[in-house]
Amino acid sequence: MPIHEKSLIRPENLVTNDNLVIDGVDVSGHWSTFIKSRTVTDYNEAMQEEIAAMPGGENIHRCWQCGSCTNACTVNAVNPEFNPRYWIYLIRTGMEEELLRDKDIIWQCVSCNKCTYACPRDVFPEGVMKATAHWLELKGHTGKSPSSHFDDDFTESIIDTGMIEEARVLLTFFKRTKQPLAQPWLIALITSLLKKMPVGYLFRLGFLTVFRPKVRNWSKNRVALQEYVDERKAAQRAALGMTGKGDH
Amino acid sequence: MSDNPILIVGGGPAGLAAAHAVGASGRKAVLVEKADRLGGAPILSGYAKLVPSHEWAKDAIGGMVTRVQQNANVTTHLNTSVQTFTGEPGAFTATLKDGTVIAADSAILTTGFTHFDSLNKPEWGFGTYPDVVTSVQVEQMISSGKGIRCPSDGRVPDRVAILLCVGSRDRQIGREWCSKICCTVSANMAMEIREMSPKTNVYIYYMDIRTFGLLEGEFYWKSQEEAKVKYIKARIAEVTSDGKRLVVKGEDTLVKRPITIPFDMVVHAIGMDPNVDNMTLSAIFGVGLNRWGYLDKASTYAHLAETTRPGVYTAGAASGPETIDDSIAQGQAAALAALTRAGFGALKAAE
Ligand SMILES: Cc1cc2nc3c(=O)[nH]c(=O)nc-3n(C[C@H](O)[C@H](O)[C@H](O)COP(=O)(O)OP(=O)(O)OC[C@H]3O[C@@H](n4cnc5c(N)ncnc54)[C@H](O)[C@@H]3O)c2cc1C
Ligand code: SF4
Ligand code: SF4
Ligand code: SF4
């Protein structure tokens with residue numbers, strides 16, 4: 001919903017009192033419903049900096065609120081509540097509470113990058129969406145999104161062996177996102193592959209699945225890679241003022 | 001064309017440009033300035049670094065002053081103004097307050113503007129709270145080298161709000177014009193504040209941002225992208241105080257929510273009013289004023305610098321809000337118009 005169509009009165013801001021007398025006037029009950037103020041009483045300058053410290057969020061401060069991203073957005077077309085322009089504003093002014101109301105839809109960005117090509121200021125809104133979803137996870141506001149699970153699986157596969165094992169990544173992904181393995185599209189894909197694949201290939205595939213060969217001399221690279229990943233994660237946590245390890 | 005000098009009234013950027021052009025062409029000019037020195041607003045009000053050149057006002061405009069002072073064809077009268085002005089093109093007679101009588105071929109009015117007085121917008125706290133200041137005061141803080149400090153107790157502000165369009169674009173106070181330069185000046189000022197005290201966060205409250213032409217990237221974008229100045233679309237309703245800090249109230253129109261935000265310093269980006277002398281100037285020189293109170297121009301295109309009275313020209317902020325570079329260009333255009341009055345001036349001068 002475009003922001004101007006949002007109801008200005010939220011149900012949780014409506015207050016009735018069973019027993020309240022102000023200056024001798026009885027203001028109890030339904031007839032004296034109060035509406036709590038929506039006034040913004042301060043800016044939280046840390047929030048923009050935090051999002052900017054996440055990969056993809058670096059250019060958030062450039063936004064001038066033209067709305068091109070939201071207009072171009074694939075997800076906005078089906079869910080009007082999905083509004084990158086609006087969230088960027090909330091982050092820039094530090095309206096955290098307001099942003100958290102939408103925490104369960106921000107991750108839905110499909111990374112089509114239509115916004116990226118529409119943005120006149122090179123804010124890279126797609127990156128900001130990613131950074132924001134990441135921030136929400138790190139802060140513990142949301143559980144891991146499917147895309148974070150996928151990133152983890154992908155990274156683990158590479159760190160383990162130096163290779164991307166599609167089948168394994170897919171399996172782990174389904175397991176971690178608690179999806180059934182028997183996805184109709186996957187079954188269709190595999191059966192058609194099996195029908196067309198030369199027998200030699202099938203043998204190779206079987207061999208690779210069982211023995212999981214690694215890239216030669218991988219262990220050194222693996223250590224370096226793991227170190228880099230840990231370093232980046234630590235830096236991100238530090239930017240959010242978090243100490244200790246662990247993703248959440 | 002007579003051999004009489006060309007009278008130039010007002011020694012700001014426009015008047016200095018006109019005087020230089022007239023003098024350089026070989027004709028005589030008489031420059032009358034009511035203040036005790038030349039230079040106009042940038043010098044008299046102590047502006048800091050100018051847009052778009054980033055040159056210090058005292059160097060840039062100071063250079064123009066020196067050039068005119070060294071020009072033997074230009075005579076300057078300071079601390080005085082014109083009291084009567086009579087005659088015809090080619091043979092005007094001007095009498096100054098100090099009694100000097102000047103025979104003039106033509107006259108150029110470069111009498112500039114008057115800074116908007118923020119007391120006329122009491123809801124924005126100027127005059128009530130010491131930490132509400134004008135852009136001119138901030139210019140002076142920067143050019144004095146003392147840095148940005150809250151006047152109340154000398155502390156470096158954590159947070160500064162710049163309110164745009166103070167005294168411009170406001171029918172409530174009869175000012176239906178945009179002062180043209182204050183958006184750019186404010187963006188520049190915000191960058192300078194961030195540079196002088198990086199811990200100070202600067203917010204600019206705007207209705208539109210009018211950093212026209214090439215000023216867009218150099219000032220608006222740069223202030224946002226490099227200095228991380230924040231722009232909030234809101235016209236502030238009032239500035240009050242909670243006893244410790246200033247409180248800026250308004251509506252954040254982008255999220256449709258009221259705001260009451262604490263600030264340490266509030267800066268009014270004040271506009272360019274018509275010169276308070278314009279009614280007097282209009283009567284003395286017999287020139288018309290436009291409906292906003294600036295000196296009226298006879299035509300937009302054909303005779304760029306002409307007022308409603310033949311032989312009397314105008315340039316710069318006297319005829320409406322102008323930038324320094326445009327004032328200079330107009331000053332030169334007015335000089336050319338005066339030199340070529342009647343169509344043979346330049347020929348004669350070449351003899
Ligand atoms: C805060 C602020 C910052 C600005 N910064 C910039 C900037 O960075 N860059 C930019 O391009 N522009 C800037 N401007 C605009 C700039 O000040 C004007 O463009 C410029 O001063 C106009 O020059 P002028 O010669 O027409 O008028 P003025 O500078 O106003 O000069 C007029 C002169 O005439 C004299 N005078 C007035 N009345 C009389 C009279 N009756 N008799 C005799 N003399 C008289 C005055 O004393 C004055 O010396 C700024 C304006 C403001 C308010
Ligand atoms: S990348 Fe995300 S935010 Fe951008 S247009 Fe696509 S779905 Fe919308
Ligand atoms: S398109 Fe770019 S500048 Fe415009 S609102 Fe979106 S992020 Fe901001
Ligand atoms: S230049 Fe900007 S601040 Fe100045 S009056 Fe125009 S819109 Fe307002």
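**Figure 1. Overall size of chain B in the predicted model.** Chain B has a radius of gyration of 22 Å, which agrees with the value near 20 Å for a compact globule of 351 residues. Along the principal axes, the C-alpha atoms of chain B fill a box of roughly 65 × 35 × 35 Å. The chain contains 9 helices and 18 strands. Of its 351 residues, 49% are buried. Counting contacts in chain B between residues at least 6 apart in sequence, 65% join residues at least 24 apart.

**Figure 2. The two domains of chain B.** Domain 1 is made of two stretches of chain B, 6-112 and 275-350, and domain 2 covers 118-271. The centres of the two domains, taken over C-alpha atoms, are separated by 32 Å. Where the domains touch, 11 residues of domain 1 of chain B are in contact with 18 residues of domain 2 of chain B. The side that belongs to domain 1 consists of 6 nonpolar, 3 polar and 2 charged residues.

**Figure 3. A span of chain B annotated in UniProt.** An unreviewed UniProt entry carries the annotation "domain: FAD/NAD(P)-binding" for residues 217-331 of chain B. In the model, the end C-alpha atoms of residues 217-331 lie 28 Å apart. Helix accounts for 22% of this span and strand for 30%.

**Figure 4. The contact between chain B and chain A.** Here 16 residues of chain B are in contact with 16 residues of chain A. On the side of chain B, at least two residues each come from α6 (215-225), β12 (230-233) and β15 (257-263). The largest share, 6 residues, is supplied by β15(B). Sorted by class, this side of chain B has 7 nonpolar, 3 polar and 6 charged residues.

**Figure 5. The surroundings of ligand 1 in chain B.** Ligand 1 is surrounded by 42 residues, and the closest are B:G10, B:G12, B:G40, B:G112 and B:G316. The shell draws at least three residues from domain 1 (6-112 + 275-350) of chain B and at least three from domain 2 (118-271) of chain B. Five helices and strands of chain B each supply at least two residues of the shell: α1 (13-24), α2, β8 (113-115), α4 (135-143) and α8 (324-339). By class, the shell has 21 nonpolar, 15 polar and 6 charged residues.

**Figure 6. The surroundings of ligand 2 in chain A.** Around ligand 2 there are 15 residues, of which A:C73, A:C109, A:C112, A:C115 and A:E126 are the closest. In chain A, α3 (74-78), α7 (114-118) and α8 (125-138) give two or more residues to this shell. The largest share, 3 residues, comes from α8(A). The shell around ligand 2 is made up of 10 nonpolar, 3 polar and 2 charged residues.

**Figure 7. The surroundings of ligand 4 and the loop at B:K180.** Of the 13 residues around ligand 4, those that come nearest are B:C165, B:S168, B:C178, B:C182 and B:C183. Two elements of chain B, β10 (159-166) and α5 (182-196), give two or more residues to the shell. The classes in the shell around ligand 4 are 6 nonpolar, 3 polar and 4 charged residues. B:K180 lies in the loop between β10 and α5 of chain B. Its phi is positive, about 75°, although B:K180 is not a glycine. B:K180 counts as partly exposed because 19 other C-beta atoms lie within 10 Å, and a residue is buried only from 20 or more.

**Figure 8. A cis peptide bond in chain B.** The peptide bond from B:V51 to B:P52 is cis, and its omega is near -5°. B:P52 is placed in the loop that runs between α2 (41-44) and α3 (57-69) of chain B.

**Figure 9. A positive phi angle at A:D23.** A:D23 is a residue other than glycine, yet its phi is positive, near 50°. In chain A, A:D23 is found in the loop between β2 (21-22) and β3 (25-26). A:D23 counts as exposed because it has 5 C-beta neighbours inside 10 Å, and the limit for an exposed residue is 12 or fewer.

Definitions and conventions: Residues numbered from 1 in each chain as written. Chains lettered and ligands numbered in written order. Predicted model: local features only at pLDDT ≥ 70, side-chain atom pairs only at ≥ 80, totals over all residues. Domains from an automatic or database assignment. Contact = placed C-beta atoms within 7 Å. Nonpolar A, V, L, I, M, F, W, Y, C, P; charged D, E, K, R; others polar. Helix = DSSP H or I, 4+ residues; strand = E, 2+ residues; numbered from the N terminus. UniProt positions renumbered as here; feature names shortened; annotations may be inferred. Rg over C-alpha atoms; globule rule 2.2 N^0.38 Å. Near = placed C-beta within 6 Å.
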